[in-house]
Amino acid sequence: MASTTSLTLPSTKLELPFLSPQRKNCSRSFSTTTTVSSPVFRPPPFTNKIHFHSNSSSVSHSISKIPGLQSNGFLVHSSSSDYSVNNSQIDVENSSSSNDGANETQVQSSIWSWKGYSIRYQYAGNRGPALVLVHGFGANSDHWRKNTPVLAKSHRVYSIDLIGYGYSDKPNPREFGDKSFYTFETWATQLNDFCVDVVKDEAFFICNSIGGVVGLQAAVIDSQICKGIMLLNISLRLLHIKKQPWFGRPFIRSFQSLLRNTALGKSFFKLVASSESVRSILCQCYHDTSQVTEELVQKILLPGLEPGAADVFLEFICYSGGPLPEELLPQVKCPVLIVWGDKDPWEPIELGRGFINFDSVEDFVTLPNVGHCPQDEAPHLVNPLVESFVARHSTPAASVSTVI
């Protein structure tokens, strides 16, 4: 069981990201640089490629050894920064490369056939432990573009578009009748099957937001696949039906039915699915709004304009059941590291700190002045944490994947 030192932080009001007014100014002049202490990021060269793949002893903590990083909930400073940004067009499958001395890392896109559906994923690296990166609500595998090339220097890295998101298929939820399809159980099964069919090995799950609930659920369903989970600002699911007062639950269900079954839902989606709305939402959840570039806006927006995206969007925002993180954590048998950007306006860090009381959680690391998506806003902080966590829980020799 981990421990941390308490911090007094201002309370944060929970709001739905797509209903909230813009909290801060988000400049229309975009930059691909970080804050003052970090160097300029230069996009790597890329080539358009697509590959198809179809297939039905412990180490002591070393977080404190990372330059500028301290465990037990505090980050003093950071001086490391080493990642590449993929600026390729989002409407084509792509691969990017990053040169580091004599080593070249390529990030490639591929399609995996799962239960008759096409699933887009990206991968890089051919040695070391396997990592599977799991995105959050409304995002896709491109949200890990600043992490994959760096981590692939010493790991086999995969990032997947959960079904319904990114460039994976988006089956209409109405095709399944009264049975819900877009659930954490569906995505967790997809994640485990992906490890079996594509990764062909055990893997570490690196997850952001609702992707954290997916990773935990997958580890509960099959404890033999996941070697460890890193949760980046995991969704607390504060709008879950169990967390609402009893007298409000009928109203919530009625409102959900209205969104699903009337033109109101589609009109609502049209308001959200625009460059201006996506930019506004991202500027709420990124503390450093200079990281909200036009590239990022387009990588989030364009998959959301694909056929079927509106139905998936409405289905998920009406999904107030399913598991809660606090229900899954006691069942997880692998080590869990929780990392939290303390400026997250949607998932209050004060509530997240309570997770350190679960035996599976080995530590809680706070990232000061970082928002809801640390992997993209502050990859120079997140990437070393991933490497350290994986190193602590890896066997000396890891098998090599043969993805074709």
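I took buried to mean under 20% relative accessible area. The model I worked from is predicted.

**Entry 1: Asp142 and Arg120**

I began with the charged pairs. By the rule I used, the count comes to nine salt bridges. I looked up Asp142 and found a salt bridge with Arg120. Their closest N and O atoms are 3.3 Å apart. This pair links distant parts of the chain. Asp142 is in the loop between strand S8 (130–134) and helix H1 (148–151). Arg120 is in strand S7 (residues 117–124), and the two are 22 residues apart. Are these partners buried or exposed? Both Asp142 and Arg120 are buried.

**Entry 2: Arg145 and Asp376**

Next I checked Arg145. Its salt-bridge partner is Asp376, with the closest N and O atoms 2.8 Å apart. Arg145 lies in the loop between S8 and H1, while Asp376 lies in helix H11 (residues 374–377), so the pair ties together parts that are 231 residues apart in sequence. I then read the accessibility of each partner. Arg145 has 6% relative accessibility, so it counts as buried. Asp376 has 0%, so it counts as buried.

**Entry 3: Arg156 and Asp201**

I moved on to Arg156. It forms a salt bridge with Asp201, and the closest N and O atoms are 2.8 Å apart. Here too, distant parts of the chain are linked. Arg156 is in strand S9 (residues 156–160). Asp201 is in the loop between helix H2 (184–199) and S10, and the two are 45 residues apart. Arg156 is buried, with a relative accessible area of 1%. Asp201 counts as partly exposed, at 24% relative accessibility.

I also asked which residues are joined into one network by salt bridges that share partners. They are Arg145, Lys146, Glu295 and Asp376.

**Entry 4: Strand S11 and its neighbours**

Why is S11 largely enclosed by the rest of the structure? Six of the seven residues of strand S11 (residues 226–232) are buried, so the surrounding structure largely encloses this strand. I then traced the pairing. Strand S10 (residues 203–208) pairs with S11 in the parallel sense, over six bridges. Asn208 stands opposite Leu232 in S11. From S10 the chain crosses through helix H3 (residues 210–221) to S11. I noted this β-α-β crossover as right-handed.

S11 also pairs with strand S12 (residues 336–341), in the parallel sense over four bridges. Leu232 stands opposite Val339 in S12. I therefore have Leu232 opposite Asn208 and opposite Val339.

**Entry 5: Helix H2 and the core**

I turned to H2. It is mostly covered, with twelve of its 16 residues buried. Among them are Phe184, Trp187, Gln190, Leu191, Asn192, Phe194, Cys195 and Asp197. After H2 comes Lys200, whose phi is positive, near 55 degrees.

I then looked at the largest nonpolar core. It has 55 residues. Which of them have the most contacts inside it? They are Val132, Trp187, Phe194, Phe205 and Ile229. H2 gives the most to this core, with eight residues.

Last, I listed the contacts of Val132, not counting residues up to four places away in sequence. Val132 touches Tyr158 and Ile160. It also touches Leu191, Phe194, Cys195 and Val199. Ala203, Phe204, Phe205 and Ile206 complete the list.

Methods:
Residues are numbered from 1 along each chain as its sequence is written. This is a predicted model: local features need pLDDT of at least 70, side-chain atom pairs count only at pLDDT 80 or more; totals for chains, interfaces and linings use all residues. Side-chain values use heavy atoms; hydrogens and water are left out. Buried means under 20% relative accessible area, exposed over 50%, partly exposed in between (1.4 Å probe, protein chains only). Two strands pair if DSSP finds at least two bridges between them. A crossover is right-handed if, with the strands pointing away from the viewer, the path from the first strand over the helix to the second runs clockwise. A salt bridge is a side-chain nitrogen of Lys or Arg within 4 Å of a carboxyl oxygen of Asp or Glu. A nonpolar core is a set of buried Ala, Val, Leu, Ile, Met, Phe, Trp, Tyr and Cys residues joined through side-chain atoms within 4.5 Å. Contact means heavy atoms within 4.5 Å.
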